[in-house]
Amino acid sequence: MKNIDTAFRYVRGFTMLVIVGCIIICCYTLYKSFTAVTLMQDRVYILVNGKALEAYSSDRKDNVPVEARDHVKTFHRFFFTLDPDDKVIKSNITKALYLADDTAKRVYDDLKENGYYSGIISGNISQTISIDSINIDTNEYPYHFKCYAKQNIIRTTSILNRNLITEGTLRNVSRSDNNPHGFLIERWNTIENKDLGVENRK
């Protein structure tokens, strides 16, 4: 009986030790799992051409200059990229007007009233734009910007090159499918839009 009692105490002690060890290991595993999940929430992996690239999340304030420049670039690309097709023109202008206030709408209405878009369609003219640089002042809100670009107006026999400089301010708005950057261009104004030269097409 004495040996049975001693063996029972040993078994009981060993069992308690195993249980305590299991609890400690489980708690440590849970702690490390939550820590790993927290770290992973700050990371995004993007699959590009079969390779996983790691991207890091950050506050918007860290990306304001980048997003603001891309917003201005996107607006100008939609507003000034035109082809001799009424549907293409309307589609691009509609996308551009989601990114700006009524100052851009007034410019569009003036150009339309003066027959600019109908002239593009009837003359089979295409218009492209290349952005040279965009300066954004993020030290003062709303953010002031100045955009420097070149326009190419492609006709049947020639290409007209023009210099374009515009300015305006950026105001924060809610993000949406039509405005993914969450900015709105205000007080948009063309400072310069002059001819640089004409190339003959071969």
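In this report Ala, Val, Leu, Ile, Met, Phe, Trp, Tyr, Cys and Pro count as nonpolar, Asp, Glu, Lys and Arg as charged, and the others, Gly among them, as polar. By these classes, the lining of the largest pocket holds 9 nonpolar, 4 polar and 2 charged residues.

The model is predicted, with local features requiring pLDDT of at least 70 and side-chain atom pairs counted only at pLDDT 80 or more, whereas totals for chains, interfaces and linings use all residues. Residues are numbered from 1 along each chain as its sequence is written, and side-chain values use heavy atoms, with hydrogens and water left out.

**Overall architecture**

The protein chain has 5 helices and 6 strands, where helices (H or I, at least four residues) and strands (E, at least two) are DSSP runs numbered from the N terminus. Read from the N terminus, these elements follow the order α-β-β-α-α-α-α-β-β-β-β. Of the 202 residues in the protein chain, 27% count as buried; buried means under 20% relative accessible area, exposed over 50% and partly exposed in between, with a 1.4 Å probe and protein chains only. Among contacts (heavy atoms within 4.5 Å) with a separation of 6 or more, 60% are made by residues 24 or more positions apart.

**Strands β3, β4 and β5**

Strand β3 (residues 126–137) pairs with β4 in the antiparallel sense over 11 bridges, pairing being assigned if DSSP finds at least two bridges between two strands. A hairpin of 5 residues joins β3 to β4, and Ile 136 stands opposite Phe 145 in β4. On to the next strand, β4 and β5 are antiparallel over 12 bridges, the hairpin between them runs through 3 residues, and Ile 154 stands opposite Ile 159 in β5.

In a regular strand the side chains alternate between the two faces of the sheet. Along β4 (residues 143–154), Tyr 143, Phe 145, Cys 147, Ala 149, Gln 151 and Ile 153 point to one face and are buried, while His 144, Lys 146, Tyr 148, Lys 150, Asn 152 and Ile 154 point to the other and are not.

**Buried residues and their surroundings**

Val 72 lies in helix α2 and is buried, with a relative accessible area of 0%. Leaving out residues up to four places away in sequence, Val 72 touches Ile 134, Ile 136, Phe 145, Cys 147, Leu 170 and Ile 185. The C-alpha atoms of Val 72 and Leu 170 are 8.8 Å apart, although 98 residues separate them along the chain.

Thr 166 lies in strand β5 and counts as buried at 0% relative accessibility. With residues up to four places away in sequence again not counted, Thr 166 touches His 76, Phe 145, Lys 146, Cys 147, Trp 188, Asn 189, Thr 190 and Ile 191.

Asn 163 also has its place in strand β5 and counts as buried at 13% relative accessibility. Beyond residues up to four places away in sequence, Asn 163 touches Ala 149, Lys 150, Glu 192, Asn 193, Lys 194 and Leu 196. Asn 163 and Asn 152 are 11 residues apart in sequence and 9.1 Å apart in space, C-alpha to C-alpha.

Asn 179 is found in the loop between β5 (158–172) and β6 (183–200), and is buried with a relative accessible area of 5%. Leaving aside neighbours within four places in sequence, Asn 179 is in contact with His 71, Tyr 98, Leu 99, Val 173 and Ser 174.

The table gathers polar contacts of these residues, a polar contact being a pair of N or O atoms within 3.5 Å, where within protein one must be able to donate a hydrogen and the other to accept it, and residues adjacent in sequence count only if both atoms are side-chain atoms.

| Side chain | Partner | Distance |
|---|---|---|
| Asn 163 | Glu 192, side chain | 2.5 Å |
| Thr 166 | His 76, side chain | 2.7 Å |
| Asn 179 | Phe 183, backbone oxygen | 2.6 Å |
| Asn 179 | Gly 182, backbone nitrogen | 3.3 Å |

**The largest pocket**

The largest pocket has a volume of about 220 Å³. Of the 15 residues that line the largest pocket, Phe 80, Val 107, Leu 111, Tyr 116 and Asn 193 are the closest to its centre. A pocket is here an open set of points on a 1 Å grid over the protein atoms alone, where a 1.4 Å probe fits, with protein on both sides within 12 Å along at least five of seven lines, and lining residues have an atom within 4 Å of a point. Grid points are joined across faces, edges and corners, and a volume is the space filled by probe spheres set on the points. At least two lining residues of the largest pocket come from each of α2 (60–80), α4 (102–113), α5 (116–122), β5 and β6.
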